[in-house]
Amino acid sequence: MTDAQMTQMPSLSFMDAALAQARGAAAAGEVPVGCVIVRNGEVIAQAGNRTLADRDPTAHCEIVAIRAAALALGCERLTDCDLHVTLEPCAMCAGAMLHARIARLVFGAYDPKTGACGSVIDLFADTRLNHHATVQSGVRARECGMLLAEFFSSRR
């Protein structure tokens with residue numbers, strides 16, 4: 001096994017947990033996107049999308065998980081945390097990650113319509129902003145993308 005593969009192994013495990021959250025969101029009728037926030041190798045917060053359940057357009061899984069992580073740590077700065085999410089974050093969620101000072105973002109499928117980590121815009125690469133996170137993309141991209149495709153095809 002290469003060093004790169006060994007480094008990615010925890011990301012695969014955490015992405016599996018994010019996929020479980022996405023499946024739970026789908027079962028509740030929500031767009032199937034899931035997120036886990038990890039600190040020192042331990043999941044401290046996790047969520048699936050809740051926009052319909054909460055009647056809240058900001059209840060994307062990343063926002064819900066960031067709020068839970070901040071409460072769990074008793075601090076609004078998540079400087080030593082990694083966020084794993086099944087879909088490339090939108091501008092709102094990427095902005096929240098920047099404000100929370102997330103250290104590393106790992107995402108699965110790209111979002112060519114609203115992705116803010118390279119697909120439409122790349123907030124994490126904008127040097128004018130005062131915080132930057134390391135971004136790892138494409139982790140379990142096929143599974144993440146298929147979950148979304150199946151969800152939307154069942155709605156058509």
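**A walk from Asn49 to helix H5**

Let's start at Asn49, which sits in the loop joining strand S2 (42-48) to helix H2 (51-54); helices (H or I, at least four residues) and strands (E, at least two) are DSSP runs, numbered from the N terminus. The model is a predicted one: local features need pLDDT of at least 70, side-chain atom pairs count only at pLDDT 80 or more, and totals for chains, interfaces and linings use all residues. Residues are numbered from 1 along each chain as its sequence is written, and side-chain values use heavy atoms, with hydrogens and water left out.

On confidence, the chain has a mean pLDDT of 93, with 93% of its residues at 70 or more; pLDDT is the predictor's confidence in each residue, from 0 to 100. Residues 1-7 are another story, with pLDDT under 50 throughout.

Back to Asn49. Its relative accessibility is 10%, so it counts as buried (under 20% relative accessible area; exposed is over 50%, partly exposed in between, with a 1.4 Å probe and protein chains only). A polar atom of the Asn49 side chain lies 3.1 Å from the backbone oxygen of Val31. Beyond four places in sequence, Asn49 touches Ala25, Glu30, Val31, Val33, Ala59, His60 and Cys61, where contact means heavy atoms within 4.5 Å.

Next, the largest nonpolar core. A core here is a set of buried Ala, Val, Leu, Ile, Met, Phe, Trp, Tyr and Cys residues joined through side-chain atoms within 4.5 Å. This one has 40 residues, and Ile37 and Leu83 touch the most other members. Among the elements giving it two or more residues are helix H1 (3-27), strand S1 (34-39) and helix H3 (61-73), while the largest share, six residues, comes from H4. Leaving out neighbours within four places, Ile37 has contacts that include Val43, Ile44, Ala65, Leu78 and Leu83.

Helix H4 also holds Ala100, which counts as buried because its relative accessibility is 4%. Ala100 touches Ile66, Glu76, Arg77, Leu78 and Thr79, again not counting residues up to four places away. Between Ala100 and His131 there are 9.4 Å in space, C-alpha to C-alpha, at a separation of 31 residues in sequence.

Last stop: H5. Its buried residues are Cys144, Leu147, Leu148 and Phe151. Looking down the axis of H5, they fall within an arc of 90 degrees, so they line one face of the helix; the arc is that of the directions from the helix axis to the C-beta atoms. An α-helix has 3.6 residues a turn, so residues three or four places apart point the same way. Exposed Arg142 and Ser154 are on the face of H5 turned away from its buried side.

Note on methods:
Polar contact = N/O pair within 3.5 Å; in protein donor to acceptor, adjacent residues only side chain to side chain.
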